[in-house]
Amino acid sequence: MTSTPSALDPAIAARLKRSADGLVPAIAQQYDTGEVLMLGWMDDEALHRTLTTGRATYWSRSRREYWVKGDTSGHVQHVKSVALDCDADTVLVKVDQVGAACHTGDRTCFDADVLPLGQ
């Protein structure tokens, strides 16, 4: 992540419980159906950008840079609401997903590999 201080509201930043690398998991969910779309990672700046731009912004751990969902693919996430879980260690981003959420082209990242129960 960048070493530049974030403009995230200090009251929100103080509540976040981050991993050792300064990130919190961010679950993207379709706002009207409840469909779980994907999991991304946010630092303070990614959360600030998400809250202020209305576009879901994540920190790419592999590319080590910010990415706004849909800037290259066109599969945009328009943010409808953002909430912290009860421990403030996970962010729920309710979005209106345009196109596929998964980099594989699937609607969600969770529909291609359903594991069997009872085994």
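A residue counts as buried when its relative accessible area is under 20%. By that cut-off, buried residues make up 36% of the 119 residues in this chain. The model is a predicted one.

**Overall build**

The chain holds two helices and six strands. From start to end of the sequence, these elements follow the pattern α-β-β-α-β-β-β-β. The radius of gyration is 14 Å, close to the 14 Å that the globule rule gives for 119 residues, so the chain is as compact as a globular protein of that length. Along the principal axes, the C-alpha atoms fill a box of roughly 45 × 35 × 30 Å. The accessible surface of the chain comes to about 7,000 Å², and carbon and sulfur atoms account for 53% of that area. Of the contacts between residues at least 6 apart in sequence, 43% join residues at least 24 apart.

**The four-stranded sheet**

Four of the strands make an open sheet in the order 2-1-6-5, and the pairing within this sheet is mixed. Strand 2 (36-42) and strand 5 (77-84) each have a single partner strand because they stand at the edges, so one side of each is left without a neighbour in the sheet. From one strand to the next, the twist averages 25 degrees.

Strand 1 (residues 24-30) is joined to strand 6 (residues 91-97) by five bridges in the parallel sense. Within this pair, Ile27 stands opposite Leu92 of strand 6.

Helix 2 (residues 44-53) lies across strand 2, strand 5 and strand 6. Its direction is at about 120 degrees to strand 5.

**The hairpin**

Strand 3 and strand 4 form a hairpin with four residues between them. In the turn, Arg64 has a positive phi of about 55 degrees. The two strands pair in the antiparallel sense over four bridges, with strand 4 covering residues 65-68. Trp59 has Tyr66 in strand 4 as its bridge partner.

Which residues of strand 3 (residues 57-60) are buried on each of its faces? Thr57 and Trp59 are buried on one side, and Tyr58 and Ser60 are buried on the other, so to speak of strand 3 is to speak of a strand with both faces covered.

The two strand pairs described above are set side by side here.

| Strand pair | Sense | Bridges |
|---|---|---|
| Strand 1 and strand 6 | parallel | five bridges |
| Strand 3 and strand 4 | antiparallel | four bridges |

In general, the strands of a sheet pair through backbone hydrogen bonds, in either the parallel or the antiparallel sense.

Notes. Residues numbered from 1 in each chain as written. Predicted model: local features only at pLDDT ≥ 70, side-chain atom pairs only at ≥ 80, totals over all residues. Heavy atoms only, no water. Pairing = 2+ DSSP bridges. Axes fitted to C-alpha atoms, helices over the stretch in contact; angles between N-to-C directions. Contact = heavy atoms within 4.5 Å. Buried < 20%, exposed > 50% of the residue type's maximum accessible area, 1.4 Å probe, protein only. Rg over C-alpha atoms; globule rule 2.2 N^0.38 Å. Areas by Shrake-Rupley, 256 points an atom, 1.4 Å probe, with all protein chains shown as cover.
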